[in-house]
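Biologist: I would like to learn how to read a model like this one. Can we take it feature by feature?

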Amino acid sequence: MSPVRRCSRTACGRPAVATLTYVYADSTAVLGPLATYAEPHCYDLCAEHSERLTAPRGWEVVRLLDGSAPARPSGDDLEALANAVREAARPQERAAEAGGGGARTADPREVARRGHLRVLRSPDN
């Protein structure tokens, strides 16, 4: 069995990209992003069938499009993660300040600190 979920429409073997759910009490068909898990009361639809979806007369179709988050991590996200891992793995070479009583000196790139979290200045600035 293929791990790719297929369109629920008869004789359509294309990969599913959206999930259709009916709210019978409100006479509403809700079409949203592909659900994380296949549910028996939902229908997975391919791009073509999700675009052509119509509802019965008197019903409303609600299309929930999640365009705010990319489907996959972008190159910038992966680069930021790699930089964070490199920074965490780098040995801490901070000397104690003369009057600090053993406290670590601030990194010149560090703008603010709260607990173990640090805000760093952009390397462009």
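Biologist: Which residue in β4 is the bridge partner of Leu31?

Modeller: This is a predicted model. In it, Leu31 has Arg63 of β4 as its bridge partner. Leu31 lies in β2, which spans residues 28–33.

Biologist: How many bridges join β2 to β4, and do the strands run parallel or antiparallel?

Modeller: Four bridges join them, and the two strands run parallel.

Biologist: In what order do the strands form the sheet?

Modeller: The order is β3-β1-β2-β4. The sheet is open, has four strands, and its pairing is mixed.

Biologist: Why is one side of β3 and of β4 left without a neighbour in the sheet?

Modeller: Both β3 (43–45) and β4 (60–63) stand at the edges. Each has a single partner strand, so one side of each lacks a neighbour in the sheet. As for twist, neighbouring strands are turned by 25° against each other on average, ignoring direction.

Biologist: On to the backbone. How should I read the sign of phi?

Modeller: Start from the general rule: most residues other than glycine have a negative phi. Here, Ala11 has a positive phi, near 65°. Ser27 has a positive phi too, near 50°.

Biologist: Where do Ala11 and Ser27 sit?

Modeller: Ala11 is in the segment before β1 (18–23). Ser27 is in the loop between β1 and β2.

Biologist: Is Ala11 buried or exposed? And Ser27?

Modeller: Ala11 has 86% relative accessibility, so it counts as exposed. The cut-off for exposed is over 50%. Ser27 has a relative accessible area of 25%, so Ser27 is partly exposed.

Biologist: Now the pockets. How is empty space found?

Modeller: Rolling a probe the size of a water molecule over the atoms shows where empty space is left. In this model, the largest pocket has a volume of about 260 Å³.

Biologist: Which element gives the largest share of the lining of the largest pocket?

Modeller: Helix α2 (residues 75–89) does, with five residues. The lining includes Asn83, Glu87, Arg109 and Pro123. By class, it has five charged, four nonpolar and one polar residue.

Biologist: What is the volume of the second largest pocket?

Modeller: About 160 Å³. Ten residues line the second largest pocket, and the closest to its centre are Ala18, Gly32, Pro33, Leu64 and Leu65. Strand β2 gives the largest share of this lining, three residues.

Biologist: How does the lining of the second largest pocket split by class?

Modeller: Six residues are nonpolar, two are polar and two are charged.

Notes:
Residues are numbered from 1 along each chain as its sequence is written. This is a predicted model: local features need pLDDT of at least 70, side-chain atom pairs count only at pLDDT 80 or more; totals for chains, interfaces and linings use all residues. Side-chain values use heavy atoms; hydrogens and water are left out. Two strands pair if DSSP finds at least two bridges between them. Axes are lines fitted to C-alpha atoms, for helices over the stretch in contact, and angles run from 0 to 180 degrees between N-to-C directions. Buried means under 20% relative accessible area, exposed over 50%, partly exposed in between (1.4 Å probe, protein chains only). On a 1 Å grid over the protein atoms alone, a cavity is a set of points where a 1.4 Å probe fits but cannot get out, and a pocket is an open set with protein on both sides within 12 Å along at least five of seven lines; lining residues have an atom within 4 Å of a point. Grid points are joined across faces, edges and corners, and a volume is the space filled by probe spheres set on the points. Ala, Val, Leu, Ile, Met, Phe, Trp, Tyr, Cys and Pro count as nonpolar, Asp, Glu, Lys and Arg as charged, and the others, Gly among them, as polar.
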